[in-house]
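Got your viewer open and your mouse ready? Let's take a walk through this protein, one selection at a time.

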Amino acid sequence: MGICLDELRLQVIRPTLKHLRAWSQGMENLLLGTAAQESQLGFHLKQGRRHGLGIYQIQPHTHREIWDHYLINHPALASKVRGLASQRDFLDHPHSELTTNLRYATAIAWLVYRSANVHKIPEPETNDVAKMARLWHQHFHHGPSATTRDFECSYAQLVSGADPTNSAPRYTGAQPPEHPQAPRNSPDAELNGQGARQPTA
C-alpha cells in the first residue's frame, strides 16, 4: 500500500502549496495525479536501478536544475523552499530530501510545473483528468514508456476511484503498481545550501 490519499492531500500537498502561496484545487489534484502515476502514491520511493526519487520520482538532475536555473532567480521563493528542507542533512545529501521529506518533495514537484510556465497555462478544472495528463506528460514525464492514458488510469484507480471521465472524486488508499516505468538516466551532483551546484574536482 502507498500513502493514504486523504492524508497525502490534507497533511502534505495542501499545506505545502499554501505555504508557497500556490494552492488551488486544480494544482492539488495535478500533484496527486503525478504522485499516483509516478510512484503509486508512494508504493515505491526508489524503484530498482532507476534514478527517480520519492513519491514524485524526481530525478537528481531535475532537482539541481530547479535550484541552479530557476530558484536562483527567485530568492524569496527559494527561501520558502529551503525552509522546508532539513537544516543539516540537506547540505550533505540534498537529493535524499526527495525521498524522506514529503513536503520538500512536493514543493520541488510543484516547481517542476511552475518552472515550465504551467502557472501561466489555464489551470485544469478541478477534475479535468485529460488536461492534467497532458500537463504531466508535457512537463513532468521523462522517457517514452508512459502515456497520458497511463496517467488517466492511475488517477482513476488511486485518486478518483472511478472511470477517468468521472468528475466526482472519491478518496481511496493506494494500490501496488502493476507496470513499472522505464529506467531513467541522469548525472549526479550535489547542491549547496543556496541551491548552487557544488564544484567538482
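Below is a tour that goes from the whole chain down to single residues.

**Stop 1: the whole chain.** Before you click anything, keep in mind that this is a predicted model. Show the chain as a cartoon and look for its helices: there are 9 of them, and 0 strands. Follow the cartoon along the sequence and you'll read α-α-α-α-α-α-α-α-α. Now switch on the surface. The accessible surface of the protein chain adds up to about 9700 Å², and carbon and sulfur atoms own 51% of it. How much of the chain is buried? Of the 201 residues, 49% are. If you count contacts in the chain with a separation of 6 or more, 62% of them are between residues 24 or more positions apart.

**Stop 2: helix α2.** Select residues 25-39, which make up helix α2. Want to try a little arithmetic? The helix has 15 residues, and at 1.5 Å a residue it should span 21 Å; the C-alpha atoms at its ends are 21 Å apart, so the two values agree. Bring the rest of the chain back and you'll find α2 mostly covered, with 14 of its 15 residues buried.

**Stop 3: the loop after α2.** Step just past the end of α2 and click Q40, which has a positive phi of about 55°. Next, pick L41, in the loop between α2 and α3. Its phi is positive too, near 60°, in a residue other than glycine. Is L41 buried or exposed? L41 is buried, because its relative accessible area is 0%.

Now select G42, which sits in the loop between α2 and α3. With a relative accessible area of 17%, G42 counts as buried, since the cut-off is under 20%. What does G42 touch, leaving out residues up to four places away in sequence? The answer is G2 and I55. Draw a distance from G42 to G54 as well: these two are 12 residues apart in sequence, and their C-alpha atoms are 7.1 Å apart in space.

One more in this loop: Q57, also placed between α2 and α3. Q57 is not a glycine, yet its phi is positive, about 50°. At 3% relative accessibility, Q57 is buried.

**Stop 4: the aromatic rings.** Colour the aromatic side chains. The count here is 5 aromatic pairs. Select W67 and F90, one tilted pair: their ring centres are 5.9 Å apart, with 55° between the planes. Where do the two rings come from? W67 belongs to helix α3 (residues 60-70) and F90 to helix α5 (residues 89-92), so this pair, 23 residues apart, links distant parts of the chain. Both rings belong to buried residues: W67 has 2% relative accessibility, and F90 has 0%. Add Y104 to your selection, and you have a cluster of W67, F90 and Y104 linked by ring pairs.

Then hop over to W23. Show K18 beside it: K18 lies over the face of W23, at 5.4 Å from the ring centre.

**Stop 5: the cysteines.** Last, look for disulfides. How many does the structure hold? The number is 0. Click C4, which is partly exposed at 33% relative accessible area. Then try C153, partly exposed as well, at 35%.

Key. Residues numbered from 1 in each chain as written. Predicted model: local features only at pLDDT ≥ 70, side-chain atom pairs only at ≥ 80, totals over all residues. Heavy atoms only, no water. Phe/Tyr/Trp six-rings, centres within 6.5 Å; stacked < 30°, edge-to-face > 60°. Helix = DSSP H or I, 4+ residues; strand = E, 2+ residues; numbered from the N terminus. Buried < 20%, exposed > 50% of the residue type's maximum accessible area, 1.4 Å probe, protein only. Lys NZ or Arg CZ within 6 Å of the ring centre and 35° of its normal. Expected span 1.5 Å × (residues − 1). Contact = heavy atoms within 4.5 Å. Areas by Shrake-Rupley, 256 points an atom, 1.4 Å probe, with all protein chains shown as cover. Disulfide = S-S within 2.5 Å.
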